[in-house]
Amino acid sequence: MLTLNIILSRIYSSHNLTFAFLAGILFSIPWITFKLITPSLLLTLLLQFTSLIIVQLHTIILISFDPFLPLYLHTPKINAMAGTSVLQRTNFFSPPVDPSQSSDLSLRLKEQHCLSLLKSCKNLEEFKQAHAQIVKWGIFWNSFSASNLVAACALSDWGSMDYACSIFRQIDDPGTFEFNTMIRAYVKDMNFGEALAFYSEMFERGVEPDNFTYPALFKACAWLKAKEEGMQIHGHAFKLGFENDVYVQNSLINMYGKCGDIVHASSVFEEMDEKSVASWSAIIAANASLGMWNECLMVFGKMSSEGCWRPEESTLVTVLSACTHLSALDSGKCAHGALLRNISELNVIVQTSLIDMYVKCGCLEKGLSLFHRMAKRNQMSYAVMISGLAMHGHGEEALRIHSMMLEEGLEPDDVVYVGVLSACSHAGLVDEGFQCFYRMKSGHGIEPTVQHYGCMVDLMGKAGMINEALEFINSMPIEPNDVVWRSLLSACRVHCNLKIGEIAAKHLFQLNSQNPGDYVILSNMYARAEKWPEVAKVRMEMARKGLSQVPGFSLVEVERRIHKFVSQDTSLPRRKSIYEMIHQMEWQLKFEGYTPDTSQVLLDVDEEEKRQRLKGHSQKLAIAFALIQTTQGTPIRISRNLTMCNDCHTYTKLISIIYEREIIIRDRNRFHHFKDGTCSCRDYW
DNA sequence: GTAGGGTTAG
């Protein structure tokens, strides 16, 4: 008998009323069949039956007086929940219905209805009506109703934080949930100061925060870049014992990352027992935001190898961005493959970052084909493609894509015009550049920024219009910055205009330029004019300011590893084979009529020393290494921190014939695509 | 019974 009761009570508490009753009858059959009817069983069944009738009647009576009867009857979930709450009290160990509990049932039903009413609100007007109704029911001061009122209003998208706050202020004794709701809502509303103020208020009123409180607060600190405050709150969270809550940890990583503190971000990350996808994404994003691209790829590699790898578009966009910055084509291709294998349709952001990656890693064709296959493009997609074409020196094509953008009805922004103007500048399209510059303001209302002026100076400077460029700078309505003067200085170097070069340098030094390159260019210009005392003066000025020449380096990717070569580096791991290769190349080059252009070494040293210096340029070391390490016919891709010298340019053109290799070099301004002895820049750079 | 983390491209 006892067993029967236990089984029945289990069923009662977990299933619906009718099912429980039927089950009761079913279980009774064996007893009845085998004539095991005892007074106890009869009593049980009688009690059970009576209690169920009472409960049913009770529910029906309660609901009958409720104006929302149709709603309950047509809302199975609410009906079932109300039923379950009644059934949980209906077993043989407790009285079927306690009369004192009857109002509780009514309250529950109203609460449930209140919740669905709030959930159905579409706007503030509807919400206000619901609010009035809840007040009318007299359950406004019930903590469940009040909490849900605040939550529904605060977390809606109606911009009704003031109204939400007014409801919150009517609650006499707000608890943790209500405070959490307000904090979360203010964070969602981007009102971070107010969110933190509510946290302080929590403390003042002695309301204890819980693990739900902290992620929102760290997000607020992340946006405000308030590291000190974040650290303090971090202390509170750990004191309260939430240091192992994965949500708290993830938001901490993000907070430290956004505040630029990778050390704390990493230490939180490392101490996590179980890292979620969000944890990995947060640490990858933290590295990316600090420009630590190599670390970004390393963490991503670790994430994959530790099996916590789910191809998420957002994570891969960050990874692709890292590949772009590192010119890491092979890694970028891997990311592309992972995307294709796992995601059926790539979104615009992913497609745009893929195009950017391919183009900036030197695969213009691949980028173009992806671009033309895009079903939908936005302003950013066009911006990426236009500036990509600009970097590769394809000015006309960039202008065509720009027209295509206008035809599609997309409005260009200032960044698009930076791309367009730099495309004109790299391709020597002076007239077109001026047309675009004027149309930008008259046709699209974009006020030129200092960047646009910089492009125009570059455009004129490259074309040898040095005097015009200087006049242009002097007529600028805004203050020229260092970039503008640097463009002019570089142009002066290329076109050997020492007089204006000195003017440009003077302005750069007045702007307190800390760029050693500016001093180096001026000093080289003096050296070329054999004005050695001036050279010494510039070098001394450099030393006085504590600036030293940035060594040129070249990066080359072989088998997904990036190798760095610094000029004159004699400590290379494969030093012997690389210098042997350089030697071999030199022989071949001699047959092609190459003579080292020692005028490119602007040092007061003898010819032999100059030849040795030229040989050690990082680009040549990188080419030699790539020729050894890669199979015949593979294109060689190199990325450099500085522009290349004329000698390296000529040298690379010849190597592309001798070794039948395509050599794609990205310098600090643009791409040079060497093939069959010519360069895509047509010697205009 | 109510709620929480990472969110990307020029």
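This passage describes a helix pair and the surroundings of DNA strand B in a predicted model.

Two packed helices are described by the angle between their axes and the distance between the axes. For helix α13, which covers residues 227–239, and helix α14, which covers residues 246–258, the axes come within 10 Å and cross at roughly 160°. Because angles over 145 degrees count as roughly antiparallel, α13 is roughly antiparallel to α14. The crossing in which α13 passes α14 is left-handed. On the α13 side the contact is made by K227, G230, M231, H234 and F238, while α14 contributes L252, M255 and Y256. By class, the residues of this contact between α13 and α14 comprise five that are nonpolar, two that are polar and one that is charged.

Around DNA strand B there are 42 residues, of which F144, N250, S276, E312 and S314 come nearest. The surface near this strand is made up of 16 nonpolar, 14 polar and twelve charged residues. When the atoms of DNA strand B within 4 Å of the protein are considered, 33% belong to sugar or phosphate, and the rest belong to bases.

Base nitrogens of DNA strand B also lie beside N or O atoms of several side chains. For N250, which is among the residues that come nearest to the strand, a side-chain N or O atom is 2.5 Å from a base nitrogen. In the case of S281, the separation between a side-chain N or O atom and a base nitrogen of the strand is 3.0 Å, and for the side chain of D210 the corresponding distance to a base nitrogen is 3.5 Å.

Conventions:
Residues numbered from 1 in each chain as written. Chains lettered and ligands numbered in written order. Predicted model: local features only at pLDDT ≥ 70, side-chain atom pairs only at ≥ 80, totals over all residues. Heavy atoms only, no water. Axes fitted to C-alpha atoms, helices over the stretch in contact; angles between N-to-C directions. Helix = DSSP H or I, 4+ residues; strand = E, 2+ residues; numbered from the N terminus. Parallel < 35°, antiparallel > 145°, perpendicular 65-115°, else oblique. Left-handed = near helix turned anticlockwise from the far one by under 90°. Contact = heavy atoms within 4.5 Å. Nonpolar A, V, L, I, M, F, W, Y, C, P; charged D, E, K, R; others polar. Near = heavy atom within 4 Å. Polar contact = N/O pair within 3.5 Å; in protein donor to acceptor, adjacent residues only side chain to side chain.
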